[in-house]
Amino acid sequence: MARDPDRSASPATRPPADATKVVTAGRRPEWTAGIVNPPVWRASTILYDSVADLRAAAGRDTHHRLFYGRRGTPTQWSLADALTELEPGAHATFLYPSGVAAVAAALLSVLSPGDELLLVDSAYDPTRAIADGLLKRMGITTRFYDPLVGAGIAELVSDRTRAVLLESPGSLTFEVQDVPAIAAAAKARGCAVLLDNTWATPLHFRALEHGVDLSILACTKYVVGHSDVMLGSVTATPERWAALRDTSFQLGQTASPDDAWLGSRGLRTMAIRLKQHEASALRIAEWLATRPEVAQVLHPALPSCPGHELWRRDFTGASGLFSFVLNGGDDAARARLIDGLELFGIGYSWGGFESLAIPVDPHRHRSVVKREQAGPMVRLQIGLEDPDDLIADLAAGLERWRNL
Ligand SMILES: *Cc1c(COP(=O)(O)O)cnc(C)c1O
């Protein structure tokens with residue numbers, strides 16, 4: 001599904017495709033010394049040759065220079081640089097010990113007491129918790145908006161609005177947002193535009209090219225890809241980088257070299273993994289859409305998903321996470337469906353190699369939009385198992401749901 005406008009160019013002049021970039025990006029010879037993947041450089045103290053040297057280091061920009069462990073080593077710089085290379089228009093990337101830490105730092109880099117944040121109603125629940133907790137305590141107010149607002153965001157921007165946070169598609173309900181329209185309207189009023197791009201990754205949605213200033217990833221999901229590391233990142237435009245870096249330094253944010261190394265290791269196979277997640281999830285979503293037990297499938301690549309036409313216009317692919325709504329039934333019937341699944345684990349997070357299924361009740365978390373639903377909802381993360389095996393498992397689950 002990846003569009004490639006440059007197929008006709010010669011190998012020497014064509015810009016590398018994303019599948020090539022995930023293999024080559026961030027592997028600077030001075031950081032790898034011939035080792036294929038940048039090794040783990042662990043450090044707190046960095047030793048200097050003299051007092052003069054130590055003093056000089058304190059005055060320098062520490063970007064890509066060893067200074068003190070908290071400012072990173074080549075292991076973190078390599079992954080950060082690779083993520084920057086994957087996002088055309090980006091200046092640099094900061095890594096965080098989790099996706100939530102990345103969201104919090106990005107927000108704090110653009111908001112001050114007295115400011116207002118516009119936050120999409122379909123945001124990841126812990127992102128809402130930052131707004132309702134930390135930001136509120138600091139005197140920063142939040143207004144929630146309909147994910148399908150589009151250019152209508154202009155009417156919501158007040159004199160105090162300094163930032164708009166988008167998440168597209170939205171958590172649990174998968175509404176695709178009109179990112180270019182929202183970004184243009186917000187920027188015209190001087191607001192920073194933040195996007196949680198975890199679902200699509202830069203491989204399937206070029207955030208900065210669509211007007212975003214700060215693109216946030218929970219690298220815990222597809223970058224790491226193996227359900228064993230917590231990691232986050234924020235990739236910034238040149239204009240927003242200094243504030244992001246300074247805020248992150250002041251917060252003492254740093255991702256461990258070992259976790260960054262596992263992130264780099266995951267990144268090398270991300271393009272090929274995403275392709276399989278995409279193909280299998282699409283196949284299963286289409287199969288579910290034909291089933292009488294299913295009222296609606298919320299997958300951005302299906303016309304039944306709100307904002308599907310925007311996905312077609314702006315994205316170059318889908319990933320492996322989507323929801324479906326059951327045709328009636330209660331919580332107990334839904335639990336029977338999920339509890340008996342053999343190949344789907346029951347647990348939070350996603351983006352790993354293994355399939356997951358959880359019950360979701362999005363309306364408990366929403367304040368602006370409460371859409372009517374035919375029945376309970378299930379969210380699936382489609383892993384790298386054979387999709388026919390997953391379909392057989394789900395078919396048995398729907399059978400259990402029917403036989404109340
Ligand atoms: C998981 C997730 C996060 C948070 O990432 P963690 O690494 O779990 O803190 C943020 N945004 C979205 C959309 C997520 O799914």
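By about how many helical turns are arginine 334 and aspartate 331 separated in helix α13? In this predicted model, the two residues stand three places apart within α13, which spans residues 331-339, and the separation therefore amounts to about one helical turn. An α-helix has 3.6 residues a turn, so residues three or four places apart point the same way. The side chains of arginine 334 and aspartate 331 do meet, forming a salt bridge with an N to O distance of 3.3 Å. The two partners differ in their surroundings: arginine 334 has 4% relative accessibility and therefore counts as buried, the cut-off being under 20%, whereas aspartate 331, with a relative accessible area of 47%, is partly exposed.

Salt bridges that share partners also join Arg291, Glu293, Glu399 and Arg402 into one network. Within this group, glutamate 293 pairs with arginine 291, and the closest N and O atoms of that salt bridge lie 2.9 Å apart. Glutamate 293 counts as buried because its relative accessibility is 2%. A further salt bridge links the side chains of arginine 128 and aspartate 121, with an N to O distance of 2.9 Å, and here both arginine 128 and aspartate 121 are buried. The structure as a whole holds 20 salt bridges, among them the pairs described here.

Another acidic residue, aspartate 393, is found in helix α14, which runs over residues 387-402. Aspartate 393 is classed as buried because its relative accessible area is 8%. Leaving aside residues up to four places away in sequence, aspartate 393 touches Gly340, Leu341, Glu342, Leu343 and Phe344. With respect to glutamate 209, aspartate 393 is 184 residues away in sequence, and the C-alpha atoms of the two residues are 40 Å apart in space.

The path then turns to helix α7, made up of residues 179-188, whose buried residues are Val179, Ile182, Ala183, Ala185 and Ala186. The elements that cover these buried residues include three strands, namely β3 at residues 141-145, β4 at residues 161-167 and β5 at residues 192-196. Just after α7, the chain reaches glycine 190, which takes a positive phi of about 80 degrees.

Key: Residues are numbered from 1 along each chain as its sequence is written. This is a predicted model: local features need pLDDT of at least 70, side-chain atom pairs count only at pLDDT 80 or more; totals for chains, interfaces and linings use all residues. Side-chain values use heavy atoms; hydrogens and water are left out. Buried means under 20% relative accessible area, exposed over 50%, partly exposed in between (1.4 Å probe, protein chains only). Helices (H or I, at least four residues) and strands (E, at least two) are DSSP runs, numbered from the N terminus. Contact means heavy atoms within 4.5 Å. A salt bridge is a side-chain nitrogen of Lys or Arg within 4 Å of a carboxyl oxygen of Asp or Glu.
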